[in-house]
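Visitor: I would like to learn how to read some features of a model. Where do we start?
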Amino acid sequence: MHVARDARDAWEAASVAAQTAPGERLALVDPRFVGHTHALRLALKDPRFDASALPGVLGIAPSARAALGRLPAAGPDETADALEAEGVAVHRPELGVLVAAVPESAQERHEAREAVAAVDDEKVRLRSAVKSRDGFFTTFCISPYSRYLARWCARRGLTPNQVTTGSLLTALIAAACAATGERAGFVAAGVLLIASFVLDATDGQLARYDLQYSKLGAWLDATFDRAKEYAYYVGLALGASRGGDDVWALALGAMLLMTARHTVDFSFNESNAGVTGNASPTAALSGRLDSVGWTVWLRRMIILPIGERWALIAVLTAVTTPRITFVVLLIAGTLAACYTTAGRLLRSISRRTPRTRQAAEGVGALTDSGILARGCARLLGGVRLPRFGPPALALLGTAVILATAWGAPVGSWWPVLAAAVYALLTGLSLVAPLTGPLDWLLPPLFRIAEYGTVLVLAARASADGALPAAYGLVAAVAYHHYDTVYRIRGGTGAPPHWLVSAVGGHEGRTVLVTVAAALWLGGGGPAEGIDGFGAFDLALTALAVVIAAVVLVESIRFWVSSHAPAVHDETGEPA
């Protein structure tokens, strides 16, 4: 970073920029500036913004430096205003109690220095490393010491990505301990899972403490939480199998439930994109409840965010069995899903603010509809649906495919017919922009239909490998769905259409799985495969490998490209 400190340098910013390396940030600081070091850090070091400004300070990223050549000679404040006039977004950090000033007189300089001395810069920096909104367990049981761990990492040159990787490795070791099936292994797994969560909290706090945001870090942060949790489920299922208990269906059910819950949250939030407020009475009541301290923490615990969820899993793993762990997790997760979904339904029905086109496009992208559904939507484009038509059709299609997969004879072609009806109904639900009050329900309903169909067909197969193969397939598809979410949240839009088409869309994959079941589960038993695996198991495994390969290659290409946003979750919304 090149810093211009004297008046002549600051007034000749374009000349200084020309002499600075192309990839280096440029800092313009008025020599009269008085303030905290962390205030300077916020303006000069944050890589998420093209330009950041405080009184007497301007930090300019390489991407915004070209505009300097078109500006007249001026100081940092005037240059910041001129950059905004040129269309460059200039971020102005919230300082809170921190001081940043350009005193005009000796008296003002003395007062500014006293104000600086009155505030502990390091304490503010540590507080700001923690999310303003987080779950109860994270806030009171993790963050009080993990912030100091973040500072320890920063002082030793560790990066958030290294801490994130350490968290993943710790969780994988925990899963391996659980897979032993021994009590000592289960206890070690619970302890290591909590340790992994401590590191998971630390990586984000380190990024905020030292402003080490990155594109790769955004991708790792967005995906590793799910990878850790779902890998741990695998460890529990393997450990249970060593004791003669098959809990793969419960593990897959837990993955389905968590993904559907998250999709409800993501889709509902996306349906409010571009809207400044929700005028519904339910939203107003929620705001009033937030003003009562204890209700805030109670509501955050009820929704079972990641901290509470991992603590629950860790304790149950250590003192009970994998089956009990999954059953309790499913019950608690179902109650949390009912609570959050009911609140969102009430807000949506009583909502008075119309939804925007941006919101409709975002919800449409989250549906992950492929060639079949989009083709049906084009063919049926002249059909006009009632206000609640799209979610009603999606619910009907979900019920048809799940009921048929559950009730039809194993290996029959009835599920294939039901999958075709499902594809038709989902296409019909997309004939118009998704601006209805409950249209945000389509993505979670489609997740339940697709994942649920795979779960039911695999559970009804007699081959031992069907459920583990189904788990791998759903994990690969879930990664694709989470990747879609975080692309949209980063402001870069949904994955390209070719990717959605290449992996079939939710309706195409559902049809494909039902066809595989009809071909290789006929007669009530698995067709011969390889080394004891049924042909249906191998078909699910092959589909999982293909989807994982295509999605991962494109995902990695995107997240390390120059177009990927350096965005980290700062909302505090529980995961």
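Guide: We start with helix packing, in what is a predicted model. Two packed helices are described by the angle between their axes and the distance between the axes. Here helix α19 (residues 414-428) packs with helix α23 (residues 505-520) at an angle of about 175°, and the axes are 8 Å apart.

Visitor: How are α19 and α23 oriented to each other, parallel or antiparallel?

Guide: Angles over 145 degrees count as roughly antiparallel, so α19 and α23 are roughly antiparallel to each other.

Visitor: Which residues of α19 and α23 meet?

Guide: From α19 the contacts include Pro415, Val416, Ala419 and Tyr422. On the α23 side, the residues met include His506, Thr510, Val511 and Ala518.

Visitor: Next, salt bridges. How many salt bridges does the count come to?

Guide: The rule is a side-chain nitrogen of Lys or Arg within 4 Å of a carboxyl oxygen of Asp or Glu. By this rule the count comes to 20 salt bridges. One of them joins Asp210 and Arg125, at 3.0 Å from N to O. This pair links distant parts of the chain, with Asp210 in helix α9 (residues 183-210) and Arg125 in helix α6 (residues 121-128), 85 residues apart.

Visitor: Is Asp210 buried or exposed, and what does Arg125 count as?

Guide: Buried means under 20% relative accessible area. Asp210 has 12%, so Asp210 is buried. Arg125, at 8% relative accessibility, also counts as buried.

Visitor: What separates Arg557 and Glu554 in helix α24?

Guide: About one helical turn, because Arg557 and Glu554 are three residues apart in α24. Their salt bridge has its closest N and O atoms 2.9 Å apart. Arg557 counts as partly exposed at 44% relative accessibility, whereas Glu554 counts as buried at 5%.

Visitor: Which residues are linked with Glu554 and Arg557 in a network of salt bridges?

Guide: Asp483 and Arg487 are linked with them in that network.

Visitor: Which residues make the nonpolar surface patch?

Guide: A patch residue needs over 30% relative accessible area and no salt bridge. In this case Leu216, Leu552, Ile556 and Val560 make a nonpolar patch of about 310 Å². Leu552 lies in helix α24 (residues 535-559) and is partly exposed, with a relative accessible area of 35%.

Visitor: And Thr484 in helix α21: buried or exposed?

Guide: Thr484, in α21 (residues 466-489), has a relative accessible area of 5% and is therefore buried. Not counting residues up to four places away in sequence, Thr484 touches Ala365, Leu366 and Pro495.

Methods
Residues numbered from 1 in each chain as written. Predicted model: local features only at pLDDT ≥ 70, side-chain atom pairs only at ≥ 80, totals over all residues. Heavy atoms only, no water. Patch = residues over 30% accessible without salt bridge, like charges linked within 9 Å, V, L, I, M, F, W, Y side chains within 5 Å. Areas by Shrake-Rupley, 256 points an atom, 1.4 Å probe, with all protein chains shown as cover. Helix = DSSP H or I, 4+ residues; strand = E, 2+ residues; numbered from the N terminus. Buried < 20%, exposed > 50% of the residue type's maximum accessible area, 1.4 Å probe, protein only. Axes fitted to C-alpha atoms, helices over the stretch in contact; angles between N-to-C directions. Parallel < 35°, antiparallel > 145°, perpendicular 65-115°, else oblique. Contact = heavy atoms within 4.5 Å.
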